[in-house]
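Dear colleague,

I am handing over the structure we spoke about, and I would be glad if you could look through it before reading my notes. The sequence and the model come first, and what was found in them comes after.

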Amino acid sequence: MRPATSRPRLTSLWFAVVIALVVASLLAGLGMRSPQPPDEPRFVLAARHMVETGQWLLPHRGSELYAEKPPTFMWIQAGTYKLLGSWNLSFLVPSLLAALLTLWLTWDMSRRLWNRQVARYAVLGLFVCIQFGLMAKRAQIDMVLLGMTTLALWGLVRHLLLGPSWATLAVAAFAAGLGTVTKGVGFLPLLMLLPWVAWRWRHPQAAGPGRSWAWWLLLPAFVAGAAVWLGPLAIALLKNPDPALHNYAHELLFKQTGTRYTNAWHHRKEFWYYAQVMLTLWLPGSLLVPWLLPAWWRRCRRADPRYLLLLGWALLVLLFFSASPGKREVYILPMLPALAVSAAPLLPGLLRRTGVRWLLLLYVLVLAVAMLVIGHGAVQGDGLAKRSAAKWTIDLWVLPRIGWWLLGVGAATLVLAAVLRLRRAGLAVVLTTVLLWSMYGLGAMPAVDPYASSSRVMDKVRARIGPDAELGMVAWREQNLLQTDPQAADFGFKRPVAEQWQDAARWVAQAPQRRWLFVLDSAMSPCAETTQVIDIGRANRNNWQLLPGTALDTACIARTHGTVPNGDAAVEDNND
């Protein structure tokens, strides 16, 4: 019989091994792919412009100012590139580091609020939720924002529930300010003060921070975080009367924040949209909702401040985003660590329930069967696989490569289920998630990368025009411009296509023998000689054409003001 004193040590060893696998799965594939739409290429374009020009204050998308998001995330990417020297390696590092930071903060919050055993369940419970891993493997602002909001929650929890700790309150306010200039909703962690005030009003004798002048730390610390970007911007606005700069500031500070929230112009969804997001993207955690909700309700009725603050804050965030007509699944991601911390004390008991174990094991088996079926179809080239390949313009020879990865991971998942069985269904979920993200990073994403990143089409463009030619772009997408080296000339991104053609014609006229235009097929000008237009390929569900400079009637462009099909519409910006 194993001595009782050795059990905690063995448990810690097993947890260390599992955490090492978790980190390895998040690292898997780093540097093995290029930025892919919808968001990654535009952020890397802006970061690359900063590095190449030394102008870090205002992000650019090609020749235009990029006013949809503050530059904080792009600064981090550009700084990472300066350290690592490779865009394909560095563009994913900020998300990876933010994911690891979030996991550690979740661990530390749970350890301080409960104990180390609960902390283990919190970390692994957060990791297995699909949306967390998916965002950790993508170079989007939202994972970095998650790291900042979780840091703010960590500071608030330490102060409000375990304090007073005025230093961590200042850290929380600074992180909220920095998060606000990373993406406008970074202030949301401060909403935790509302359920805390309500709880203190009902329990005035409870331990914790009371009245003190130190509460004023909130405001200067928040301002200091926001001033990381707003300070330099304010100085630039005062010193530079350029209307373009002032229009940029107005667009970002007002239209992209207040107007986007109150009167969103895209991604409009119903009030209950986030219910289906939580039920699907938060799998397998959402499977436990029938047990978690009543348990949470009982603890809230007992006025346990840990649950009241964490769950009350999560509910406020859900209501905040549900009230806006514009919704995307990533908006509610900041809720996930708080819910993981709230669920963790209940998981040991839930995982002893046979029904919960069967449900989790069924989840593992469904994933395994789905991967086996889809993988077999990809290897055999069945109708569904071919239709998917045609939709995304993927060569058929790539399908078996993806299929064998799916078959391998599906088979390994079945082995896990057979070995761990019902008793260790929770561990089976964790290890299945490790396999899933390892396959995603090492197999699936590198296989589709030439097509998703547009590098395949742009390689064909380079081969066709030769090394001495110059390339310009009309009605382009960010991934196309990013894949050019040296960077192609562009004539605006959000400008009407007709205006882009006017500038493109002037550019071509300067050296028609060595200048070419890369054009979206639906935006091709009637002033182009149709017999010389080259269909260069399809990528990201768009058809692209190549036009020699000698095949463009520049006088026709000047005479017709560049009128083209759909020429009055600016290129759509699918931004979050």
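The notes below go through the sheet, the cysteines, the aromatic rings and one threonine, in that order.

Please keep in mind that this is a predicted model, in which local features need pLDDT of at least 70 and side-chain atom pairs count only at pLDDT 80 or more, whereas totals for chains, interfaces and linings use all residues. Residues are numbered from 1 along each chain as its sequence is written, and side-chain values use heavy atoms, with hydrogens and water left out.

**The sheet**

Helices (H or I, at least four residues) and strands (E, at least two) are DSSP runs, numbered from the N terminus, and two strands are said to pair if DSSP finds at least two bridges between them. By these terms, 5 strands form an open sheet with mixed pairing, in the order β4-β3-β5-β7-β6. Its edge strands are β4 (489–490) and β6, each of which pairs on one side only.

Starting from the β4 edge, β3 and β4 pair in the parallel sense over 2 bridges, and methionine 473 has aspartate 490 in β4 as its bridge partner. β3 and β5 are also paired in the parallel sense, over 5 bridges, with leucine 517 in β5 as the bridge partner of glycine 472. Of the 5 residues of strand β3 (residues 470–474), 4 are buried (under 20% relative accessible area, where over 50% is exposed and anything in between is partly exposed, with a 1.4 Å probe and protein chains only), so this strand is largely enclosed by the rest of the structure.

Further along, β5 and β7 pair in the antiparallel sense over 5 bridges, and leucine 520 stands opposite tryptophan 544 in β7. At the other edge, β6 and strand β7 (residues 542–548) run antiparallel and are joined by 5 bridges, with aspartate 535 opposite glutamine 545 in β7. β6 and β7 form a hairpin with 2 residues between them, and asparagine 540 in the turn has a positive phi of about 55°.

**The cysteines**

The structure holds 1 disulfide, the term standing for a pair of cysteine sulfur atoms within 2.5 Å. This disulfide joins cysteine 527 to cysteine 556, with an S to S distance of 2.0 Å, and the link is left-handed, with -60° about the S-S bond. Cysteine 527 lies in the loop between β5 (515–520) and β6 (534–539), while cysteine 556 lies in helix α25 (residues 554–560), so the pair ties together parts that are 29 residues apart in sequence. Both ends count as buried, cysteine 527 at 5% relative accessibility and cysteine 556 at 11%.

Why is cysteine 129 not bonded to cysteine 300? The sulfur of cysteine 300 is the closest cysteine sulfur to that of cysteine 129, but it is 19 Å away, which is too far for a bond. Cysteine 129 is buried, with a relative accessible area of 7%, whereas cysteine 300 is partly exposed at 23%.

**The aromatic rings**

Rings of Phe, Tyr and Trp (its six-membered ring) are taken to pair if their centres lie within 6.5 Å, and planes under 30 degrees apart count as stacked, over 60 as edge-to-face and the rest as tilted. The structure holds 17 such aromatic pairs. In one of them, the rings of tryptophan 196 and tryptophan 215 have centres 5.4 Å apart and planes at 45°, so the pair is tilted. Tryptophan 196 lies in helix α10 and tryptophan 215 in the loop between α10 and α11 (218–239), so parts that are 19 residues apart in sequence are tied together. Tryptophan 196 counts as buried, at 9% relative accessibility. Elsewhere, ring pairs link Phe187, Tyr261, Phe320, Phe321 and Tyr331 into a cluster.

**Threonine 182**

Threonine 182 is placed in the loop between α9 (166–180) and α10 (193–202), and this residue is buried, with a relative accessible area of 0%. Leaving aside its neighbours within four places in sequence, threonine 182 is in contact (heavy atoms within 4.5 Å) with Pro70, Thr72, Ile141, Val144 and Met148. Its side chain reaches the backbone oxygen of leucine 178 at 2.8 Å.

With best wishes

Definitions and conventions. A polar contact is a pair of N or O atoms within 3.5 Å; within protein, one must be able to donate a hydrogen and the other to accept it, and residues adjacent in sequence count only if both atoms are side-chain atoms.
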